[in-house]
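Visitor: Please take me through one part of this model in close detail. I would like the side-chain contacts, with geometry and burial, in one connected account.

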Amino acid sequence: MNMDMRCVNLLMVGLLVIGVTTSSAHAQAINGEHEQNLLPDPREMARVEAAVDRALEYLLQHQRGDGSWPSGFGDNNVGSNNGVNALCLLAFLGRGHEPGRGPYQHVIDRAINYLLATQRDDGLYHSPNTSHGPMYEHGLATLAMIEAYGFVPSPEMRRSVQSAVALIVNSQNDQGGWRYHPRPNDADLTVSVVQIVALRAAINARLDVPDETFEKAQGYVKSCIIDGGGYAYQPGRNDRSLARAGGGSLSMQLMGLYDHESVDATLAWMTDQKYGTNIARFWYSNYYAMQAAYQAGGAYWNQWHPQVRQFLLENQHANGSWEGYNENNHNGNDARCYSTALGALTLEVYMHYLPAYQR
């Protein structure tokens with residue numbers, strides 16, 4: 001296949017992956033009077049790009065020979081966690097780097113091959129060193145592999161990602177959510193959000209996802225709504241947090257519910273919160289809140305992103321890493337792969353290479 005045809009094929013796959021449907025009101029909000037550039041100051045954008053490039057160099061230096069990264073879980077970071085591996089891979093893809101070409105092709109190729117090698121017969125991307133349970137890591141790995149599949153549309157990759165998606169579908173419980181293990185016994189919002197994002201990517205990539213799966217997922221997230229803004233960890237609880245506000249809002253948006261009253265109420269609550277490193281699960285919160293604010297656009301985006309960008313640019317270490325603020329045992333030096341990948345991904349919303357960052 002010549003290079004021109006390869007580029008056409010990659011473009012077609014990319015277009016399939018990017019196509020997130022928006023509601024009419026949402027389309028008006030982002031294309032009408034509230035339209036704005038993501039970051040109109042070219043000098044500030046250059047700072048963002050430089051920060052991301054430093055972060056990728058840090059991740060390059062810490063990738064293991066087998067394609068994995070230190071996880072920060074367990075004693076001495078023994079083993080590997082596919083959630084961390086997926087986030088690191090997404091950080092390279094989110095800067096526009098591709099498998100098989102460019103300065104980071106070997107980093108990306110090794111990461112993809114590692115994730116392929118960890119996949120079980122039932123489709124699970126199994127972490128040798130999991131945290132609470134494998135489904136959180138599996139959802140992130142599925143998202144990363146679907147994004148990579150857009151550049152490597154081989155039969156092997158399609159079989160891998162379709163098998164991974166099928167495991168997610170089969171693990172959904174009667175309420176419409178997911179829990180830490182691949183069996184439909186229980187559910188919580190945080191694990192469910194990760195599966196929803198992966199399923200949205202799967203639908204965009206023309207993989208097989210039953211309509212019923214998404215409909216049930218909508219029902220589960222709605223059952224977690226807290227009056228006045230926010231989403232509960234599980235239905236009936238009143239434990240709003242920034243992490244769940246961002247994740248719940250984003251999942252509703254990616255399921256096409258941009259205009260649902262809970263999204264607006266939650267984003268309003270989110271923008272009223274004091275931003276800083278005292279936020280529980282700081283990096284997880286940044287990752288989802290930045291995307292949710294971007295999907296909403298307008299005042300929510302304008303109020304949210306400047307403070308996040310300022311913090312990330314001012315607090316990056318000279319070696320390209322960021323500290324693992326309030327992330328339980330993600331505070332060791334090796335664990336900075338986790339926080340550094342999430343820092344890069346948060347800034348990469350400005351670049352919108354990843355389909356997840358498209359409106």
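Guide: What follows starts at one helix and works outward through its contacts. Bear in mind that this is a predicted model.

Start with helix H13, residues 298-314. Arg-309 lies in this helix, and Glu-44 lies in helix H3, residues 42-62. Their side chains meet in a salt bridge, with N to O at 3.0 Å. The two helices hold residues 265 apart in sequence, so this pair ties together distant stretches of the chain. Are the two partners buried or exposed? Glu-44 has 15% relative accessibility, so the residue counts as buried. Arg-309 has 11%, so this residue is buried as well. The cut-off for buried is under 20% relative accessible area.

Across the structure there are 11 salt bridges. Another one joins Arg-237 to Asp-239, and their closest N and O atoms are 3.0 Å apart. Here the burial is mixed. Arg-237 is partly exposed at 41% relative accessibility, whereas Asp-239 is buried at 17%. Asp-239 also forms a salt bridge with Arg-244, where the closest N and O atoms are 3.9 Å apart. The limit is 4 Å, so that contact still qualifies. Arg-244 has 16% relative accessibility and counts as buried. Shared partners matter for the earlier pair too: salt bridges join Glu-44, Arg-47 and Arg-309 into one network.

Helix H10 spans residues 242-254. It has 13 residues. From first C-alpha to last, H10 reaches 18 Å, close to the 18 Å expected at 1.5 Å a residue. H10 is mostly covered, with 13 of its 13 residues buried. After H10 comes Gly-256, whose phi is positive, near 90°.

Now back to helix H13, this time for its rings. How many aromatic pairs does a search of the whole structure find? The search finds 13. In one of them, the ring centres of Tyr-294 and Trp-301 are 5.6 Å apart and the planes stand at 65°, so the pair is edge-to-face. Tyr-294 is buried at 6% relative accessibility. Trp-301 is buried too, with a relative accessible area of 0%. Trp-301 also pairs with Tyr-350. That contact is edge-to-face, at 5.7 Å centre to centre and 65° between the planes. Trp-301 sits in helix H13, while Tyr-350 is in the segment after helix H14 (336-347). The two residues are 49 apart, and the pair links distant parts of the chain. Tyr-350 is buried, with a relative accessible area of 3%.

There is also a ring cluster. Ring pairs link Tyr-275, Phe-282, Trp-283, Trp-304, Phe-311 and Trp-322.

To pull the H13 picture together: Arg-309 carries the salt bridge to Glu-44, and Trp-301 carries the edge-to-face pair with Tyr-350. Both Arg-309 and Trp-301 are buried.

Note on methods
Residues numbered from 1 in each chain as written. Predicted model: local features only at pLDDT ≥ 70, side-chain atom pairs only at ≥ 80, totals over all residues. Heavy atoms only, no water. Helix = DSSP H or I, 4+ residues; strand = E, 2+ residues; numbered from the N terminus. Buried < 20%, exposed > 50% of the residue type's maximum accessible area, 1.4 Å probe, protein only. Expected span 1.5 Å × (residues − 1). Phe/Tyr/Trp six-rings, centres within 6.5 Å; stacked < 30°, edge-to-face > 60°.
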